[in-house]
Amino acid sequence: HFLVKMPNAPAPSAPATSVFAAGLMKGKVVFVTGGGSGIGLGICLAFAKLGAKVGICGRTEAKLKGAAEAIKKSRGGGC
């Protein structure tokens with residue numbers, strides 16, 4: 001077995017949203033099914049942080065209400 005030593009330690013990765021220009025989705029509308037939790041909610045939050053207006057649907061009204069509040073907070077109040 002050979003062990004190869006890296007000449008320099010790799011730099012940590014940047015958060016995914018930092019690779020996109022601020023306001024990239026401003027003026028855009030995104031509709032996400034399953035946006036009340038999990039990956040769907042994560043997608044909603046990412047788009048909202050980039051300036052998109054986000055619409056969500058799902059099966060559980062209580063989850064959707066909580067998700068809507070989180071989305072509003074992530075984009076500074078608007079949903």
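**Exercise 1. Determine where Phe 20 is placed and which surface feature Phe 20 helps to make.**

Solution. Phe 20 is located in the segment before strand 1, where strands (E, at least two residues) and helices (H or I, at least four) are DSSP runs numbered from the N terminus. The model is a predicted one, in which local features need pLDDT of at least 70, side-chain atom pairs count only at pLDDT 80 or more, and totals for chains, interfaces and linings use all residues. Residues are numbered from 1 along each chain as its sequence is written, and side-chain values use heavy atoms, with hydrogens and water left out.

Step 1: the relative accessible area of Phe 20 is 43%, and the residue is partly exposed. The classes are buried (under 20% relative accessible area), exposed (over 50%) and partly exposed (in between), with a 1.4 Å probe and protein chains only.

Step 2: Val 19, Phe 20 and Leu 24 make a nonpolar surface patch of about 300 Å². Patch residues have over 30% relative accessible area and no salt bridge; like charges are joined within 9 Å, and nonpolar side chains (Val, Leu, Ile, Met, Phe, Trp, Tyr) within 5 Å. Accessible areas come from the Shrake-Rupley method with a 1.4 Å probe.

**Exercise 2. State how confident the prediction is, for the protein and by element.**

Solution. Step 1: pLDDT is the predictor's confidence in each residue, from 0 to 100. The protein has a mean pLDDT of 87, and 86% of its residues reach 70 or more.

Step 2: helix 1 (residues 38–49) has the lowest confidence, at a mean of 94, while strand 1 (residues 29–33) has the highest, at 97.

**Exercise 3. Compare the span of helix 1 with expectation and assign its faces.**

Solution. Step 1: the expected span is 1.5 Å times one less than the number of residues. For the 12 residues of helix 1 this gives 16 Å, and the end C-alpha atoms are 17 Å apart, which agrees.

Step 2: Gly 40, Leu 41, Cys 44 and Ala 48 are the buried residues to consider in helix 1. Their arc around the axis is only 95 degrees, so they lie on the same side of helix 1. The arc is that of the directions from the helix axis to the C-beta atoms.

Step 3: on the face turned away from the buried side, helix 1 carries the exposed residues Gly 38, Ile 39 and Lys 49.

**Exercise 4. Repeat the analysis for helix 2.**

Solution. Step 1: the 14 residues of helix 2 reach 20 Å from first to last C-alpha, close to the 20 Å expected.

Step 2: Leu 64, Ala 67, Ala 68 and Ile 71 are the buried residues of helix 2. Because they cover an arc of only 105 degrees around the axis, they are on the same side of helix 2. Ile 71 has a relative accessible area of 0%.

Step 3: the face turned away from the buried side carries the exposed residues Ala 62, Lys 65 and Lys 73.

**Exercise 5. Identify the salt bridges and place their partners.**

Solution. Step 1: a salt bridge is a side-chain nitrogen of Lys or Arg within 4 Å of a carboxyl oxygen of Asp or Glu. The structure holds two.

Step 2: Lys 65 pairs with Glu 61, with the closest N and O atoms 3.4 Å apart. These residues are four apart in helix 2 (residues 61–74), so about one helical turn separates them. Both Lys 65 and Glu 61 are exposed.

Step 3: Lys 72 and Glu 69 form a salt bridge at 3.7 Å, N to O. Both lie in helix 2, three residues apart, about one turn. Lys 72 is partly exposed at 30% relative accessible area, and Glu 69 is partly exposed at 40%.
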